[in-house]
Each structure stands twice: as structure tokens, then as C-alpha cells.
Amino acid sequence: MPTATRSSSTSRRCDSRARRRDRELPPSRRERNALGPAVVAIAGSPIAARLRRLELEDTGVDDDAAVAIANSADLVHLRMLDLSGNPVGERGLLALAASPHLRELVWLNLYNCPVTDRARAALRDRFGRRALT
């Protein structure tokens, strides 16, 4: 069976385009997209206990990061959580809905996240109208 391979010149052109596209993004956008994995560390750090608002719009937050947020006893005082524009899946959203630590949460923004019907129902049961999906 034939396999498709890129020539070295095609590979260099693609790599060059990717680097150029990366340079063209404003620095804040590049940095924000790299924050997703760091959320796990933030949720487990001493600073988390002082957070009242966590705005993570478009930062690459995935299921693992959402589960870390849900499981963090240090985020018990969190009142606002913005996860809009992130690829948080059903596992992460169900963890947020079941979290015993998010009792003070009054606003949860999940705009433009892939929210399944099951996750939407669990979030509405837990947070009511506070969960914006």
C-alpha cells in the first residue's frame, strides 16, 4: 500500500507558515493558549485559596484541568468561573457538576464549549441558571 509522505520542501513550507502564524498572534493570545496544562498546578497551589474569580476563556482548558478545578478543596471560595471557548468535555463538566468544593460558585460560563445534553442537565441540576452554556 502506498503511503503519503511530505517532501522536505513541503515540510519546511508548512513549518515556516506555522511559525509565521504563531508570530502574528498577539503575545497574550499565544500565552493564553498555553495555560491549559498550568491550570492543574494552579488548582493545587496555595494561591488557589485566595481566588474568588477564575477567568480561563480560550486557554486550552481540557477535561483534566476541569477535573483538577472540581477536585481542588482550595477553590472553595471561587464565585466566578469562566471556561468559555475551551475544549472541556463531558468528563470535566460532570466533575464540575459533582464537585463538593464549588458551593460558592454563582457564575459559570461555558459559552462555546462542547456541552453534551447529559452534562448540561447535570450542570443545571447543580448550578441552576448560574451555568451559562
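# Notebook: elements, core and selected residues

I began with the secondary structure and counted 6 helices and 4 strands in the protein. I note at the outset that I am working with a predicted model. Reading from the N terminus, I wrote down the order of the elements as α-α-α-β-α-β-α-β-α-β.

**Entry: whole-chain values.** I looked up burial over the chain and found that buried residues make up 34% of the 133 residues. For the surface, I noted that the protein exposes about 8,200 Å², of which carbon and sulfur atoms supply 52%. I then turned to contacts between residues at least 6 apart in sequence, and recorded that 78% of them join residues at least 24 apart.

**Entry: the nonpolar core.** I asked which residues have the most contacts inside the largest nonpolar core. They are Ile69, Leu81 and Leu96, in a core of 32 residues. Tracing where the core residues come from, I found that helix H3 (38–43), helix H4 (63–71), helix H5 (90–98) and helix H6 (117–127) each supply at least two of them. The largest share, 6 residues, comes from H4. As background I keep in mind that nonpolar side chains in soluble globular proteins tend to be buried together.

I followed Ile69 outward, setting aside its neighbours within four places in sequence, and listed its contacts as Val39, Ala43, Leu54, Leu56, Leu75, Leu81, Leu83 and Leu96. Two of the core's most connected residues, Leu81 and Leu96, are thus in contact with Ile69.

**Entry: helix H4.** Is H4 largely enclosed or largely open? I found 7 of its 9 residues buried, so I describe H4 as largely enclosed by the rest of the structure. The buried residues are Asp63, Ala65, Ala66, Val67, Ala68, Ile69 and Ala70, and what covers them includes H3, strand S1 (53–55), S2 and H5.

**Entry: Ala43 and Leu75, two contacts of Ile69.** I placed Ala43 in helix H3 and recorded it as buried, because its relative accessibility of 5% is under the 20% cut-off. Not counting residues up to four places away in sequence, Ala43 touches Ala48, Ala68, Ile69, Ser72, Asp74 and Leu75. I also checked Ala43 against Ala65, which is 22 residues away along the chain, and found their C-alpha atoms separated by 8.4 Å.

Leu75, by contrast with the helical Ala43, is found in the loop between H4 and S2. I noted Leu75 as buried, with a relative accessible area of 1%. With the same exclusion of residues up to four places away, Leu75 touches Ala43, Ala48, Leu51, Ile69, His101 and Leu102. For a spacing along the chain I took Leu75 and Ser45, which are 30 residues apart in sequence and 9.7 Å apart in space, C-alpha to C-alpha.

**Entry: helix H5 and its packing on H6.** In H5 I found Gly92, Leu93, Ala95, Leu96 and Ala97 buried, and the buried residues of this helix pack against H4, strand S2 (80–82) and H6. How are H5 and H6 arranged, by angle and by distance between axes? Their angle is about 15 degrees, and their axes are 9 Å apart. Since the angle is under 35 degrees, I class H5 as roughly parallel to H6. I recorded the crossing of the two helices as left-handed. At this contact, Glu90, Leu93, Leu94, Leu96, Ala97 and Ala98 in H5 meet Arg118, Ala119, Ala122, Leu123, Arg126 and Phe127 in H6.

**Entry: Glu104 and Asn109.** I located Glu104 in the loop between H5 and strand S3 (107–109). Is Glu104 buried or partly exposed? At 32% relative accessibility, I count Glu104 as partly exposed. Beyond residues up to four places away in sequence, Glu104 touches Val76, His77, Leu78 and Arg79, and its C-alpha atom is separated by 5.9 Å from that of His77, 27 residues away along the chain.

Asn109 lies in strand S3, and I found it buried, with a relative accessible area of 13%. Setting aside residues up to four places away in sequence, I listed Leu81, Asp82, Leu83, Ser84 and Leu132 as the residues that Asn109 touches. Leu81 and Leu83 in this list were already in my notes as contacts of Ile69.

Methods: Residues numbered from 1 in each chain as written. Predicted model: local features only at pLDDT ≥ 70, side-chain atom pairs only at ≥ 80, totals over all residues. Heavy atoms only, no water. Core = buried A, V, L, I, M, F, W, Y, C linked by side-chain atoms within 4.5 Å. Buried < 20%, exposed > 50% of the residue type's maximum accessible area, 1.4 Å probe, protein only. Contact = heavy atoms within 4.5 Å. Areas by Shrake-Rupley, 256 points an atom, 1.4 Å probe, with all protein chains shown as cover. Axes fitted to C-alpha atoms, helices over the stretch in contact; angles between N-to-C directions. Parallel < 35°, antiparallel > 145°, perpendicular 65-115°, else oblique. Left-handed = near helix turned anticlockwise from the far one by under 90°.
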